[in-house]
Amino acid sequence: ISKSRKAYLCGMKTYQQLWQSITPLYEAGEAQVIVRTVLDVKYGMTLTDIICGKVNELSADEERKLEEIIRRLQKGEPVQYVLGEADFARRTFHVEPGVLIPRPETAELCEWIEKDATENKGITEGEKEENTIRILDICTGSGCIAITLGLDIGGSEVTGWDISEDALKIAQGNVKLLDAGNVKIEYQDALKLAETSDAGRWNIIVSNPPYICEKEKADMEKNVLEHEPGIALFVPDEEPLKFYRAIAEYASSALKSGGALYFEINPIYEKETREMLEGLGFKAIDTKEDAFGKQRMMRAGKS
């Protein structure tokens, strides 16, 4: 009996049938990548294995689990949540629906910070010698920014703040998973930072806060809207800089002299974000485009 006939009799789908089953939600190329990722992560299959038809050699138990994964994908659940992991800046982070899925553009922000730190921007030689480069990540989510900076910037001490209990648990788990012993995850409300007294505490403050306005929902992918946490995505239309202002006001005193504030920003409000930072006394404000050509990152220095 041929493999294809055996697969038909057992109700087992071929690789082509698997990716075609999610094409109502994804274009063919993306659907193929998603299914290949599932087969790699869950079953250790290489592209060669898939081409050779090893999908048809799964055990009955493996087949049942694969069918459940496909059902979740057909409902629009992001593959990262289905698999429980997401790749970010050359590492694999655990993710669940309680946190945003790390994006490539956020990894670009980390690269910018790492490059500046390597060039000693905002960091004195004395601090570098004493291994006291203090970094704060506000709205840390999965901890991807805090952990990446902690592992990639030598001599750093990193703290990640978030208000979500789910995010705190997941971020703390990622600290252990990736053995980032110089990273601490703590509860802190980004909108109540005025109540803290941290004058001159940090060399670097970074944040990827909620910045998508409610009016932008119509242009967003359905699977993002239905599955990723709204608390980490949205701000009121009338307050697009709600989090940026609160964080910048805190940073204006909490940063050391010569320190730097980094944001992932909403390109729509680049001008308003820049003007807000200038009004708070920040200098040398720079904006960088991401790989998609959008004004996505901003750096502001404290004099």
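**Figure 1. The C-terminal side of helix H10 in the predicted model.** Just after helix H10, Asp179 adopts a positive phi of about 55°. The model shown here and in the following views is predicted.

**Figure 2. Helix H10 and the cap at its N-terminal end.** Helix H10 comprises 13 residues, 165-177. At 1.5 Å a residue, a span of 18 Å is expected, and the end C-alpha atoms of H10 are indeed 18 Å apart, so the two values agree. The N-terminal end of the helix is capped by Ser164, from which a side-chain oxygen lies 3.3 Å from the backbone nitrogen of Asp166.

**Figure 3. The buried residues of helix H10 and their cover.** Ala167, Leu168, Ile170, Ala171, Asn174 and Val175 are the buried residues of H10. An α-helix has 3.6 residues a turn, so residues three or four places apart point the same way. The cover over the buried residues of H10 includes two helical and strand neighbours in sequence order, helix H9 (144-152) and strand E4 (156-162), together with strands E2 (91-94) and E5.

**Figure 4. Surroundings of Val99.** Val99 is located in the loop between strand E2 and helix H7 (104-118). Its relative accessible area is 2%, and Val99 therefore counts as buried, the limit being under 20%. Apart from residues up to four places away in sequence, Val99 touches Tyr81, Gly141, Ser142, Ala167, Ile170 and Pro229. Of these, Ala167 and Ile170 are among the buried residues of H10. Between Val99 and Gly143, the C-alpha to C-alpha distance is 9.4 Å, although 44 residues separate them in sequence.

**Figure 5. A nonpolar surface patch that includes Tyr187.** Ile163, Tyr187 and Ile231 make up a nonpolar patch on the surface, and their accessible area together is about 320 Å². Tyr187 belongs to strand E5, residues 183-187. With a relative accessibility of 49%, Tyr187 is classed as partly exposed, because exposed requires over 50%. Strand E5 also contributes to the cover of the buried residues of H10.

**Figure 6. The protein chain as the setting of the close-up views.** The secondary structure of the chain consists of 13 helices and 11 strands. Its C-alpha trace extends over about 75 × 45 × 35 Å along the principal axes. Of the 303 residues, 50% count as buried. The accessible surface amounts to about 14,900 Å², with 48% belonging to carbon and sulfur atoms. Among contacts with a separation of 6 or more, 66% are between residues 24 or more positions apart.

Notes:
Residues are numbered from 1 along each chain as its sequence is written. This is a predicted model: local features need pLDDT of at least 70, side-chain atom pairs count only at pLDDT 80 or more; totals for chains, interfaces and linings use all residues. Side-chain values use heavy atoms; hydrogens and water are left out. Patches are made of residues with over 30% relative accessible area and no salt bridge: like charges are joined within 9 Å, nonpolar side chains (Val, Leu, Ile, Met, Phe, Trp, Tyr) within 5 Å. Accessible areas come from the Shrake-Rupley method with a 1.4 Å probe; for residues, only the protein chains shown count as cover. A salt bridge is a side-chain nitrogen of Lys or Arg within 4 Å of a carboxyl oxygen of Asp or Glu. Helices (H or I, at least four residues) and strands (E, at least two) are DSSP runs, numbered from the N terminus. Buried means under 20% relative accessible area, exposed over 50%, partly exposed in between (1.4 Å probe, protein chains only). The expected span of a helix is 1.5 Å times one less than its number of residues. Contact means heavy atoms within 4.5 Å. A polar contact is a pair of N or O atoms within 3.5 Å; within protein, one must be able to donate a hydrogen and the other to accept it, and residues adjacent in sequence count only if both atoms are side-chain atoms.
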